[in-house]
Amino acid sequence: MDTKKTIKVQAVINAPVEKVWKLWTTPEHITKWNNASDDWHTPRAENDLRAGGKFLYRMEAKDGSFGFDFVGAYDEIKRNELIAYTLDDERKVKVTFTKNNDVETKVVETFEAESTNPLEMQRGGWQAILDNFKKYVEASN
């Protein structure tokens with residue numbers, strides 16, 4: 001029996017779903033928003049966006065003190081609607097994109113918690129990255 005706890009984070013982004021999808025999935029954009037705080041960054045992103053495809057986001061502290069690869073494989077892709085993937089540690093993640101109207105998109109990420117860090121810390125980190133994404137999308141043309 002799988003007893004992993006799931007955590008959900010969400011944001012409503014003032015942009016059409018097509019733009020939100022593009023900025024979420026394109027490596028040159030991922031490197032610009034994929035960090036939880038200003039002292040971290042993603043210097044490299046690879047993304048093979050298809051079922052069975054893999055992704056790798058290199059996440060590092062800007063001072064070089066720590067870094068890790070955020071890696072997984074896609075289970076299901078529905079353009080402008082759903083991204084489901086499994087991380088290298090076997091945790092499942094689902095991201096839904098819901099078009100509220102022509103200028104607003106709701107993004108919901110649901111992920112299985114890991115056992116190392118407290119749940120609130122994990123929720124806070126993922127929410128901070130999603131908030132950073134929202135800020136990036138809304139500031140871009």
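**Notebook: helix α3, aromatic pairs, Asp102**

I started with the exposed side of α3, where Glu120, Met121, Lys135 and Ala139 are exposed, on the other side of the helix from its buried residues. The model is a predicted one.

I then listed the buried residues of α3: Gln122, Trp126, Ile129, Leu130, Asn132, Phe133, Tyr136 and Val137. How wide is the arc of the buried residues, seen down the axis of α3? They fall within 150°, so I noted that they line one face of the helix.

I checked the length of α3 as well. With 21 residues at 1.5 Å a residue, α3 should span 30 Å, and I found its end C-alpha atoms 30 Å apart, which agrees.

Next I looked up Gln122, which belongs to α3, residues 119-139. I found a relative accessible area of 6% for Gln122, and because buried means under 20%, this residue counts as buried. Which residues does Gln122 touch, leaving out those up to four places away in sequence? I noted Ile7, Arg91, Phe111, Ala113, Glu114 and Asn117. For Glu114 I also have a distance: its backbone nitrogen is 2.9 Å from a polar atom of the Gln122 side chain.

I turned to the aromatic rings and counted 16 aromatic pairs. For Trp24 and Trp33 I read 5.0 Å between ring centres and 25° between planes, so this pair is stacked. Both Trp24 and Trp33 are buried.

I took Phe55 and Tyr74 after that. Their pair is tilted, with 45° between the planes and 5.2 Å from centre to centre. Why does this pair tie together parts that are apart in sequence? Phe55 sits in strand β3 (residues 54-61) and Tyr74 in strand β4 (residues 67-78), so the parts it ties together are 19 residues apart in sequence. I found Phe55 buried, and Tyr74 too.

I also noted one aromatic cluster, formed by Phe55, Tyr57, Phe70, Tyr74, Tyr85, Phe111 and Trp126. Trp126 is one of the buried residues of α3, and Phe111 is among the residues that Gln122 touches.

Last I looked at Asp102, in the loop between β6 (92-101) and β7 (104-112). Is Asp102 buried or exposed? Its relative accessible area is 57%, and because exposed means over 50%, I entered Asp102 as exposed. I found a polar contact at 3.4 Å between the side chains of Asp102 and Lys99. From Asp102 to Glu112 I noted 10 residues in sequence and 31 Å in space, C-alpha to C-alpha.

Technical notes:
Residues are numbered from 1 along each chain as its sequence is written. This is a predicted model: local features need pLDDT of at least 70, side-chain atom pairs count only at pLDDT 80 or more; totals for chains, interfaces and linings use all residues. Side-chain values use heavy atoms; hydrogens and water are left out. Helices (H or I, at least four residues) and strands (E, at least two) are DSSP runs, numbered from the N terminus. Buried means under 20% relative accessible area, exposed over 50%, partly exposed in between (1.4 Å probe, protein chains only). A polar contact is a pair of N or O atoms within 3.5 Å; within protein, one must be able to donate a hydrogen and the other to accept it, and residues adjacent in sequence count only if both atoms are side-chain atoms. Contact means heavy atoms within 4.5 Å. Rings of Phe, Tyr and Trp (its six-membered ring) pair if their centres lie within 6.5 Å; planes under 30 degrees apart count as stacked, over 60 as edge-to-face and the rest as tilted. The expected span of a helix is 1.5 Å times one less than its number of residues. The arc is that of the directions from the helix axis to the C-beta atoms.
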